[in-house]
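Work through these exercises with the structure open beside you. Try each task before reading its solution.

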Amino acid sequence: MRKPLVLGLTGSIGMGKSTVAAMFADAGVPVFDADAEVHRLQGPGGAALSEIEAAFPGTTGPAGVDRAALGAAVFGDDAVLARLEAIVHPMVAQARAAFMASHADKPLVLLDIPLLFEKQGWSQVDRIVVVSAPAEVQRARVLARPGMTPERFEAILARQLPDAQKRARADFVISTAGPLDETRAAVARVIACVGAPPGE
């Protein structure tokens, strides 16, 4: 049986990737959201909690991971962040494998992977879709988020491949700079281009 064609969706912080992922889902494309899976693993009763607490004491509770405490524990320290990733990433990979198995009969699936280029996720997909917007739009969106500071934004950007490099490596670039209808039309064009209209 033919495997589904796998689209990898990525984009830097504040580019509108979640909005675009939702548009693919609305169009009938199964979507695996890596960030949402991390939230489940770290939420109340999440499978990653015991290992995270063992590695980072005091960062979890009945409500799951205390994101502020865990963020403070790993922020700016690559070695410590790698310890956290070593706990979470294999669990996300397992969930992704289950998603792929459950949608093996679909013509097209989408993997929403924020660090697709940075963490070698590109090797797991057939085509790459990059969500992009002008730098000033991106900055305004991110700085409007609760608790975000210019310094934190710059630190996050430093960990991400620059937008121009992402766009250069993409099979498709979807802009979120204009009206939502334009973005939705771009999503429809990508689906049509890969030859897998919804419901096929």
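**Exercise 1. The sheet**

In what order do the five strands form the open sheet, and is the pairing parallel or antiparallel?

Solution. This is a predicted model, so keep that in mind throughout. Step one: read the strands across the sheet. The order is β2-β5-β1-β6-β7. Step two: check direction. The pairing is parallel. Step three: find the edges. They are β2 (31-33) and β7 (172-175), each of which pairs on one side only. Step four: look at the twist. From one strand to the next, it averages 20°.

**Exercise 2. One strand pair**

How many bridges join strand β6 to β7, and which residue in β7 stands opposite Val 131?

Solution. Start with strand β6, residues 127-132. Four bridges join β6 to β7, and the two run parallel. Now go to Val 131. Its opposite in β7 is Ile 174.

**Exercise 3. Helices on the sheet**

Which strands does helix α1 lie across, and which does helix α9 lie across?

Solution. Take helix α1 (residues 17-26) to begin. Helix α1 lies across β1 (5-10), β2, β5 (108-112), β6 and β7. Its direction is about 155° to β1. Next, helix α9 (residues 180-193) lies across β1, β5, β6 and β7. Helix α9 runs at about 165° to β7.

**Exercise 4. α1 against α9**

Describe how α1 and α9 cross, then list the contact residues.

Solution. Two packed helices are described by the angle between their axes and the distance between the axes. Here the axes of α1 and α9 come within 10 Å and cross at roughly 55°. That angle makes α1 oblique to α9. The crossing of α1 and α9 is right-handed. On the α1 side, the contact uses Thr 19, Val 20, Met 23 and Phe 24. On the α9 side, it uses Leu 180, Thr 183, Arg 184, Val 187, Val 190 and Ile 191. By class, the contact of α1 with α9 has seven nonpolar residues, two polar and one charged.

**Exercise 5. A salt bridge from α1**

Which side chain meets Lys 17 in a salt bridge, and why does the pair tie together parts that are apart in sequence?

Solution. The partner is Asp 112, at 2.6 Å from N to O. Now place both residues. Lys 17 lies in helix α1 and Asp 112 in strand β5, so the pair ties together parts that are 95 residues apart in sequence. For the whole structure, the count of salt bridges is nine.

**Exercise 6. α4 against α5**

At what angle do helix α4 and helix α5 pack, and what classes of residue make the contact?

Solution. Helix α4 spans residues 67-74 and helix α5 spans residues 78-102. They pack at about 130°, with their axes 8 Å apart. The two helices are therefore oblique to each other. From α4 come Leu 70, Ala 73 and Val 74, which meet Val 80, Leu 81 and Leu 84 in α5. Sort the contact of α4 with α5 by class: six nonpolar, no polar and no charged.

**Exercise 7. α6 against α7**

At roughly what angle do the axes of helix α6 and helix α7 cross?

Solution. Helix α6 (residues 135-143) and helix α7 (residues 150-158) have axes that cross at roughly 125° and come within 10 Å. So α6 and α7 are oblique to each other. Their crossing is right-handed. Helix α6 contributes Gln 138, Arg 139, Val 142 and Leu 143 to the contact. Helix α7 contributes Pro 150, Phe 153, Glu 154 and Leu 157. The contact of α6 with α7 has five nonpolar, one polar and two charged residues.

Methods:
Residues numbered from 1 in each chain as written. Predicted model: local features only at pLDDT ≥ 70, side-chain atom pairs only at ≥ 80, totals over all residues. Heavy atoms only, no water. Pairing = 2+ DSSP bridges. Axes fitted to C-alpha atoms, helices over the stretch in contact; angles between N-to-C directions. Contact = heavy atoms within 4.5 Å. Parallel < 35°, antiparallel > 145°, perpendicular 65-115°, else oblique. Left-handed = near helix turned anticlockwise from the far one by under 90°. Nonpolar A, V, L, I, M, F, W, Y, C, P; charged D, E, K, R; others polar. Salt bridge = Lys/Arg side-chain N within 4 Å of Asp/Glu carboxyl O.
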